[in-house]
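Please look over the sequence and the model shown here before reading on. The report that follows goes through helices, a repeat, loops, paired strands and enclosed spaces in turn.

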Amino acid sequence: MDGLDSEFLNHLQQGSTLLARGELDAAHAALECAAELRPDDPQVLGLLGQTCYRQARFDEAAAAYARLVAVTPREVAPRVNLGLASLKAKAWRDAVRHLRAAVELAPGHQRAMGYLGLAHLELGEVEEARGWFARAGSELMVARCDALLAPDVPERAEPPPPNGAPPAEEAEAAPDLASAFQQARAEAPAEAPAEAPDAAAAAADADADFEVSIEDAGPELAPARAPQADCAAVARFAAERLVTVPAGEPFGLSAEAVAVHVRGEVLARADGLAAVLGEVTLTPEVKRFRGKLTDRSFGEGGRRVFRARGDGAILFRPGARTFTALELAGEGGYFHEEAVFAFEAQVLFENGRLQSRYEPALHLVHLRGEGRFLLATDGAPAGVEVTPRAPLRVAPSALVGWIGSLTPRVLPLGGEGDGEPLVIELSGEGRVLLAAGGRA
């Protein structure tokens, strides 16, 4: 770690801890220092956006989230937060633009749809707002819009009420847009940012990188009795070790955690699983041979592969492993089954094994198509070029995978027979990934 990294990490950790404690001004200052050292760091920008939002500095929050969107254009949460900050900053058109972009990335994101409805409502576009509230499943807001869109009630020749008070029907027949919006926001916290600062911050935090926060567990929420001191100490202890779920779509990587973000479906191993955040269901996955699913489990025991569905994230402890996120762009590759940790559901996969008379067999996964996948290896993978004139022999434990027109076969290292170490020979033309630490 060089001096710059050390200084940056100190500011980042300090800002994260102060934010968790609710010391917003100090957190802001620390995170600004971190941002000066690394202006495009996603974690800093996310925390800075949260801090500004909770300080009600919505223009600055929007600016921070806009920078985050620029460096993570395929992530949904920063765009939702940018839209929400724009909404609070009364930049209605900007809010619509950013929230529409979020919905294009995640068509089922109901919170973004609810915010879109609010932005259109503020613009006086009630029919447009109603459509988004309907898609968000907010019956209350749909009813509000229906009331706003209803034709005026004709005046009726009825006697005035006692004491000159307006008739009840008239008071409810034509609510003005502003009061309807304010009332709806108060009654529909799932779709709208609440006015109370803590609730608004919680809404922002829910979108912002799924940060795990326990700041509200402080002693001020409980009577000031002696036993509460232990709770406060525990709260401080946890706040000082706050884990921020790393950003990334769908894989977020940091030194302390690996996150698999679930937006629909993704497949991931259970190895090292620490927590499941949000509405995520997990179903054990089976192997696929020759295009057909089998009854054989994909992975064994704690290393089994699960299909995750819903909206949330799975948090893993990286341990000593090195995680590498890669993307297929219509290509295909063969990978050591143990090295494949996770992949998006649209990636086509096929299980197989390298046939040989030697044991144990080498189990492989063929990944192809479009989408991203995550490798877990002992050390960062290294690439080796293979040409027709120069076949490559590698230790089975070091093989991560290969791409190209390569033919593998298992043979003794010396080529003579049993008792010798086995190697995988790859001949043809392509590239091979090797685990630098010697174990895939």
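In helix 5 the buried residues are Ala 77, Pro 78, Arg 79, Val 80, Asn 81, Leu 82, Gly 83, Leu 84, Ala 85, Ser 86, Leu 87 and Lys 88, where buried means under 20% relative accessible area, exposed means over 50% and partly exposed lies in between, with a 1.4 Å probe and protein chains only. With 12 of its 12 residues buried, helix 5 is mostly covered. Helices (H or I, at least four residues) and strands (E, at least two) are DSSP runs numbered from the N terminus. The model is a predicted one, in which local features need pLDDT of at least 70 and side-chain atom pairs count only at pLDDT 80 or more, while totals for chains, interfaces and linings use all residues. Residues are numbered from 1 along each chain as its sequence is written, and side-chain values use heavy atoms, with hydrogens and water left out.

The lengths of two helices can be set beside their expected spans, the expected span being 1.5 Å times one less than the number of residues.

| Helix | Residues | Number of residues | First to last C-alpha | Expected span |
|---|---|---|---|---|
| Helix 5 | 77–88 | 12 residues | 16 Å | 16 Å |
| Helix 2 | 24–37 | 14 residues | 20 Å | 20 Å |

In helix 2 the buried residues are Leu 24, Ala 27, His 28, Ala 30, Leu 31, Ala 34 and Ala 35.

An unreviewed UniProt entry lists residues 42–75 as "repeat: TPR"; UniProt positions are given in the numbering used here, feature names are shortened, and annotations may be inferred rather than shown by experiment. Over residues 42–75 the chain is 79% helix and 0% strand, and the C-alpha atoms at the two ends are 11 Å apart.

Two loop residues have a notable backbone angle. Ala 56, in the loop between helix 3 (42–54) and helix 4 (58–71), has a phi near 65°, which is a positive value in a residue other than glycine. Its relative accessibility of 49% makes Ala 56 count as partly exposed. Lys 90, which is found in the loop between helix 5 and helix 6, also has a positive phi, near 65°, and is a residue other than glycine. Lys 90 is exposed, with a relative accessible area of 61%.

The strands come next, and two of them count as paired if DSSP finds at least two bridges between them. Strand 2 (258–269) and strand 6 (residues 305–316) pair in the antiparallel sense over 12 bridges, and within strand 6 Ala 313 stands opposite His 261. Strand 6 also pairs with strand 3 (residues 273–284), again in the antiparallel sense, over 11 bridges, with Arg 307 in strand 6 as the bridge partner of Thr 283.

Strand 2 further pairs with strand 8 in the antiparallel sense over three bridges, and Phe 343 in strand 8 is the bridge partner of Leu 267. Strand 8 (residues 340–344) is largely enclosed by the rest of the structure, because five of its five residues are buried. Three bridges join strand 8 to strand 10, and these two strands run antiparallel; here Val 340 stands opposite Leu 375 in strand 10. Strand 10 (residues 362–377) also holds Thr 377, which counts as buried at 2% relative accessibility. Thr 377 and Ala 436 are 59 residues apart in sequence, and their C-alpha atoms are 8.3 Å apart in space.

Which elements give two or more residues to the lining of the second largest cavity? Strand 2, strand 3 and strand 6 do so. On a 1 Å grid over the protein atoms alone, a cavity is a set of points where a 1.4 Å probe fits but cannot get out, a pocket is an open set with protein on both sides within 12 Å along at least five of seven lines, and lining residues have an atom within 4 Å of a point. Grid points are joined across faces, edges and corners, and a volume is the space filled by probe spheres set on the points. The whole structure has two cavities of 30 Å³ or more, and the second largest cavity holds about 30 Å³ of space. Its lining is made up of Ala 268, Arg 269, Ala 270, Leu 273, Leu 282, Phe 306 and Ile 314.

The second largest pocket holds about 400 Å³ of space. Among the 20 residues of its lining, Val 76, Leu 105, Ala 106, Glu 249 and Arg 263 are the closest to its centre. Strand 2 gives the largest share of this lining, six residues.
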